[in-house]
Amino acid sequence: MKIYLSNPHLDLKGAESDAVVQLGASCSQELIAVSLASKAPDLYATGTQIFATANGVGVVYNPQDPQATQAIGRTLAQAGIFKVDLTNVAELNSVAALTAFIMGIYDGVHDVIVATSLAAADLVKVQAYATILCSARALAGSSAKESTPLKLIEKLQQLCQLAVTLRGAGQVKTTVIKRGDEDFARLAGLSAVGAGSINPPAMGIIEYIPQGQDVADVTAPLKVALVGKGICFDSGGYDLKSSKFMSTMRTDKSGAVYVAAALALAIVQGLTQRVACFLPCSENLVSGSSMLPGDIITYVEGTTIEINNTDAEGRLILADGILEAKRRQVGTLIDAATLTGAAKIAVGRDYTAYLSCDDALAGLVETCFKAQGEPVWRLPLDPMFARFMKSRRADMTNSGHGDGAPGASTAAIFLQHFVGEQLPWVHFDLSSAFMPDGSPYYAPEQSTAAGVRALATLILKLSA
């Protein structure tokens with residue numbers, strides 16, 4: 001799909017390109033004028049969200065809703081309206097509001113045409129932000145055959161490179177460690193999880209290097225390190241998922257996509273510090289060479305893990321990403337993953353779950369999500385949960401066991417072992433990454449990029 005933005009009072013003749021958002025092109029069509037109201041006229045039923053007006057449509061607008069401008073876009077899309085004139089809607093004529101509106105009207109299928117009264121410089125910002133966000137949504141939901149581990153890393157590198165091009169400053173450096181490379185031997189999680197696939201697992205490292213800094217310095221400190229789970233397809237391995245839960249597992253790479261998109265968004269918003277994404281990418285498939293229940297794997301720093309559930313594979317590769325990040329001097333570590341069904345049970349699909357033992361960092365997370373109008377909820381990370389991870393054959397199991405084990409928290413306990421006690425760290429369990437049935441803000445059967453705007457804000461604040 002394409003999204004076209006224009007200001008009827010400005011000469012914006014943007015050339016067609018591969019970018020998701022175009023300026024000016026194809027905007028000469030007749031558009032539906034949109035206006036806002038606090039409620040529908042009395043002749044409509046209670047709860048009506050969209051109604052006819054003398055010259056277009058009216059949409060009910062609740063300014064108390066933190067996601068109100070995104071809800072307007074979703075309401076129009078649900079009515080099949082994708083070609084709109086917003087020039088007289090003051091509430092939508094800002095960079096943040098129009099970006100949110102595009103996130104709401106986006107459905108991954110229909111082209112969108114929007115006329116706005118935003119100035120040309122602001123439209124350029126919206127183009128950059130919306131292109132990154134919508135590209136992330138499309139990539140997170142792309143098919144497994146289209147996005148194998150190496151292809152995924154390449155596409156995420158291209159997204160970050162696009163951000164550098166739009167920003168006009170800095171550089172992106174990408175390193176790939178794949179099966180068969182000498183350095184791959186230290187990636188125990190990827191070696192085990194990817195053993196059953198013909199598509200080689202790989203660790204992609206995408207680093208933003210600000211203007212004037214040495215690209216060749218592989219030991220330079222990182223202000224922020226981001227680790228994202230890139231499981232390109234998850235069958236569950238020998239602990240095979242049912243078809244009900246396997247059908248959307250192309251989206252299990254959302255963690256890798258969303259942290260790279262957050263880095264890209266932070267770049268175009270003015271990032272001035274060195275930040276890197278560590279992206280362990282693999283498929284979790286069944287074959288004669290696959291990881292088996294009862295296997296024991298040993299990480300490079302000596303930790304041994306008993307595999308008691310081959311469907312708890314994401315944390316195994318995240319551990320590789322965390323250990324790779326810790327080879328550098330890191331200011332703050334952030335990881336993100338579609339890690340557990342337990343997080344979705346705990347907070348639903350409308351909230352993003354997160355866990356951290358650092359109260360100051362948690363407070364900053366809350367501030368950043370609130371600033372972007374994105375719902376977030378902190379789950380407990382208590383040392384007593386470690387008892388659910390005990391093994392008689394290794395240092396830990398890879399999945400919680402025993403009655404009452406809190407799945408999202410035990411997964412975070414596993415990761416915390418590799419992070420250690422000194423490094424500021426927050427873990428996002430991306431409960432809101434995919435919306436199978438839709439919501440007032442997101443289209444059904446679509447990846448959401450929920451949290452990406454807030455993560456970009458968090459990166460910028462930690463890098464200030």
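Q: In which helix is the place of Leu364?

A: In this predicted model, Leu364 lies in helix H10, which spans residues 359–371.

Q: What makes Leu364 count as buried, partly exposed or exposed?

A: The relative accessibility of Leu364 is 23%. Buried requires a value under 20% and exposed a value over 50%, so Leu364 counts as partly exposed.

Q: Which residues is Leu364 in contact with, leaving aside its neighbours within four places in sequence?

A: Leu364 is in contact with Leu458, Lys461 and Leu462 once those neighbours are set aside. These three residues are among those of H12 that meet H10.

Q: How far apart are Leu364 and Ala119 in sequence and in space?

A: In sequence, 245 residues separate Leu364 and Ala119. Their C-alpha atoms are 32 Å apart.

Q: Why are H10 and H12 called oblique to each other?

A: H10 and H12 pack at an angle of about 130°, and their axes are 8 Å apart. Angles of 65 to 115 degrees count as roughly perpendicular and those over 145 as roughly antiparallel. The angle of about 130° falls in neither range, and H10 and H12 are therefore oblique. The crossing of H10 with H12 is right-handed.

Q: Which residues of H10 and H12 meet, and how do they divide by class?

A: From H10, Leu361, Leu364, Val365, Cys368 and Phe369 meet Ala454, Thr457, Leu458, Lys461 and Leu462 of H12. By class, this contact of H10 with H12 has eight nonpolar residues, one polar and one charged. Thr counts as polar and Lys as charged, so Thr457 and Lys461 take these two places.

Q: Why are H7 and H12 also called oblique?

A: Helix H7 (residues 254–268) packs against helix H12 (residues 452–463) at an angle of about 55°, with axes 8 Å apart. Roughly parallel requires an angle under 35 degrees, and roughly perpendicular begins at 65. An angle of about 55° meets neither condition, and H7 and H12 are therefore oblique to each other. Their crossing is right-handed.

Q: Which residues form the contact of H7 with H12, and what are their classes?

A: Tyr258, Ala261, Ala262, Leu263, Leu265 and Ala266 of H7 meet Val452, Arg453, Leu455, Ala456, Ile459 and Leu460 of H12. The contact of H7 with H12 has 11 nonpolar residues, no polar residues and one charged residue. Arg counts as charged, so Arg453 is that residue.

Q: What is noted about phi of Ala449, and where is Ala449 found?

A: Ala449 has a positive phi of about 60°, although it is not a glycine. Ala449 is found in the loop between E21 and H12. Most residues other than glycine have a negative phi.

Q: Why does Ala449 count as buried, whereas Glu445 is partly exposed?

A: Ala449 has 0% relative accessibility, under the 20% limit, and therefore counts as buried. Glu445 has a relative accessible area of 43%, between 20% and 50%, and is therefore partly exposed. Glu445 is found in the loop between E20 and strand E21 (446–447), and its phi is also positive, near 60°.

Q: Why does Ser432 count as buried, and where is its place?

A: The relative accessibility of Ser432 is 2%, under 20%, so Ser432 counts as buried. Its place is in the loop between strand E19 (425–429) and strand E20 (434–435). Not counting residues up to four places away in sequence, Ser432 touches Arg349, Asp350, Tyr351, Thr352, Thr448 and Ala450.

Notes:
Residues are numbered from 1 along each chain as its sequence is written. This is a predicted model: local features need pLDDT of at least 70, side-chain atom pairs count only at pLDDT 80 or more; totals for chains, interfaces and linings use all residues. Side-chain values use heavy atoms; hydrogens and water are left out. Axes are lines fitted to C-alpha atoms, for helices over the stretch in contact, and angles run from 0 to 180 degrees between N-to-C directions. Helices (H or I, at least four residues) and strands (E, at least two) are DSSP runs, numbered from the N terminus. A crossing is left-handed if the near helix is turned anticlockwise from the far one by less than a right angle, and right-handed if clockwise. Contact means heavy atoms within 4.5 Å. Buried means under 20% relative accessible area, exposed over 50%, partly exposed in between (1.4 Å probe, protein chains only).
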